[in-house]
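Trainee: I am new to this structure and would like a close look at a single part of it. Please take one strand and describe its surroundings step by step.

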Amino acid sequence: MKDFITNEIKKENALLVGLITPEQNEEKVNEYLDELAFLAETAGLIPAKRFVQRLEMPNTVTFVGSGKLQEIKNYVDEEENEIGVVIFDDELSARQLRNIERELKVRIMDRTSLILDIFAMRAQTAHAKAQVELAQYQYLLPRLTRMWTHLERQRGGGGTIMRGPGETQLETDRRIILDKISRLKQELKEIDKQKIVQRKNRGKLVRVALVGYTNVGKSTLMNLLSKSEVFAENKLFATLDTTVRKVTIENLPFLLTDTVGFIRKLPTHLIESFKSTLDEVRDADILVHVVDISHPAFEEQIDVVEKTLFEIDNTEKSTILVFNKIDAFSHVVKDEDDLTPKKRENYTLEELKQSWMQKMKENCIFISAREKINIDNLKQIIYNKVKEIHITRFPYNDFLYQNYEEEE
């Protein structure tokens with residue numbers, strides 16, 4: 001059986017499906033579907049139309065109600081629409097996947113499988129590929145009853161010959177998948193050992209990690225601070241592999257790490273599979289949390305990142321909140337006769353600076369990595385924090401902190 005990982009998705013028209021529930025109102029659902037559309041575009045798909053339904057909870061059989069499913073089916077059946085895939089914003093169970101696919105007769109994906117496909121496309125190194133492949137197989141295993149034909153199409157040299165559907169076939173597939181998972185875990189364990197040695201070999205240099213939501217400009221900032229050429233693109237998960245660079249500010253060296261971006265509803269399989277990548281976050285002395293302040297839901301993105309960081313490592317770390325993309329920031333001017341309370345989009349950048357952010361003082365800064373605005377001030381903040389830690393580790397290296405000026 002060939003590897004499950006793939007590096008491309010055929011360009012197809014896609015339908016997006018979301019639910020309004022007591023937990024997520026219409027505004028939230030629209031935000032989530034905007035992000036799902038961005039994910040689809042990143043994967044090379046074309047978001048053609050959205051379907052939204054209001055339910056108390058997802059239907060356990062078909063996720064949406066029978067009427068809404070029929071509405072989606074009617075749209076899919078119209079030949080001129082040429083729909084190749086329907087993507088649901090929440091993770092689907094094996095039962096839901098099977099029933100929806102049987103009804104719509106097109107490829108069905110959920111947010112998790114879409115993110116996994118994007119990760120597969122983005123994976124460059126053997127390490128990243130193994131991490132993604134493990135996550136894919138862990139996602140596939142409980143859904144095997146629906147997906148055995150997918151495995152049959154991928155059979156190849158070596159291993160068990162596929163004979164057709166049935167309980168025996170499913171048991172065979174399950175054993176193959178479990179063997180793959182076991183092999184990948186062992187492979188990653190060996191890579192983890194190498195990574196641990198690499199981290200130890202870096203000595204006691206202070207470690208600074210760039211963290212944040214996906215597509216907030218971490219890699220662009222990494223390039224600015226380290227004067228390197230890390231791949232940066234206006235797409236989700238442009239960077240998968242962790243990049244570490246030695247950076248020197250005013251004679252003071254430290255290690256700067258660019259990490260994978262986080263996202264809402266990040267699959268638990270990925271958090272588990274990317275353990276060694278996330279170890280860079282655990283080992284960091286200072287976190288530089290980069291935020292896209294031009295994004296309408298930047299405060300929710302901050303919450304998502306903070307919750308994910310807590311899952312990875314719940315120890316307190318020195319953190320700098322960097323509000324990036326101030327050049328792209330805009331606000332909606334409120335009508336004078338509008339007496340309703342101000343919404344987030346009505347606040348100017350200056351008003352936001354005077355909000356809760358003001359209390360963070362030197363732990364908060366507003367920049368534009370693309371336009372190189374306020375970068376020197378950011379460097380100074382990082383320098384001060386690195387110096388504070390560096391002094392405790394190397395108390396006799398005070399010559400590093402001197403600014404030597406040439407005599408005239």
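Mentor: What follows is a description of strand S1 and the elements around it, in a model that is predicted.

Start with the sheet. Four strands form an open sheet with parallel pairing, and their order is S2-S1-S3-S4. The edges are strand S2, residues 46–54, and strand S4, residues 107–110, each of which pairs on one side only. On average, neighbouring strands of this sheet are turned by 25 degrees against each other, direction ignored. Strands of a sheet pair through backbone hydrogen bonds, either parallel or antiparallel.

S1 covers residues 13–20, and eight bridges link this strand to S2 in the parallel sense. Two pairs of residues help to find this contact on the display: Leu 16 stands opposite Arg 50 in S2, and Ile 20 stands opposite Arg 54 in S2. Toward S3, S1 again runs parallel, and five bridges join the two strands. Leu 16 can serve as the reference here too, since Ile 87 in S3 stands opposite Leu 16.

Now the two faces of S1. In a regular strand the side chains alternate between the two faces of the sheet. In S1, one side has Asn 13, Leu 15, Val 17 and Leu 19, the other has Ala 14, Leu 16, Gly 18 and Ile 20, and all of these are buried. Eight of the eight residues of S1 are therefore buried, so the strand is largely enclosed by the rest of the structure. After S1, the chain passes through helix H1, residues 26–42, to S2, and this β-α-β crossover is right-handed.

Next come two further helices. H3, residues 94–104, lies across S3 and S4 and runs at about 145 degrees to S4. Returning to Leu 16, opposite Arg 50 in S2, another helix packs on the sheet: H2, residues 66–77, touches S1, S2 and strand S3 (83–88), and the direction of H2 makes about 160 degrees with that of S2.

Last, the confidence. The chain averages a pLDDT of 82, and 82% of the residues score at least 70. Within the chain, confidence is highest in S1, at 96, and lowest in helix H6, residues 144–153, at a mean of 49. The pLDDT is below 50 over residues 146–164, a stretch with 38 contacts in the model beyond near neighbours in sequence. Residues 403–408 also have a pLDDT below 50, with two contacts of that kind. Where pLDDT is low, the predicted coordinates should not be read in detail.

Key
Residues are numbered from 1 along each chain as its sequence is written. This is a predicted model: local features need pLDDT of at least 70, side-chain atom pairs count only at pLDDT 80 or more; totals for chains, interfaces and linings use all residues. Side-chain values use heavy atoms; hydrogens and water are left out. Two strands pair if DSSP finds at least two bridges between them. Axes are lines fitted to C-alpha atoms, for helices over the stretch in contact, and angles run from 0 to 180 degrees between N-to-C directions. Contact means heavy atoms within 4.5 Å. Buried means under 20% relative accessible area, exposed over 50%, partly exposed in between (1.4 Å probe, protein chains only). A crossover is right-handed if, with the strands pointing away from the viewer, the path from the first strand over the helix to the second runs clockwise. pLDDT is the predictor's confidence in each residue, from 0 to 100.
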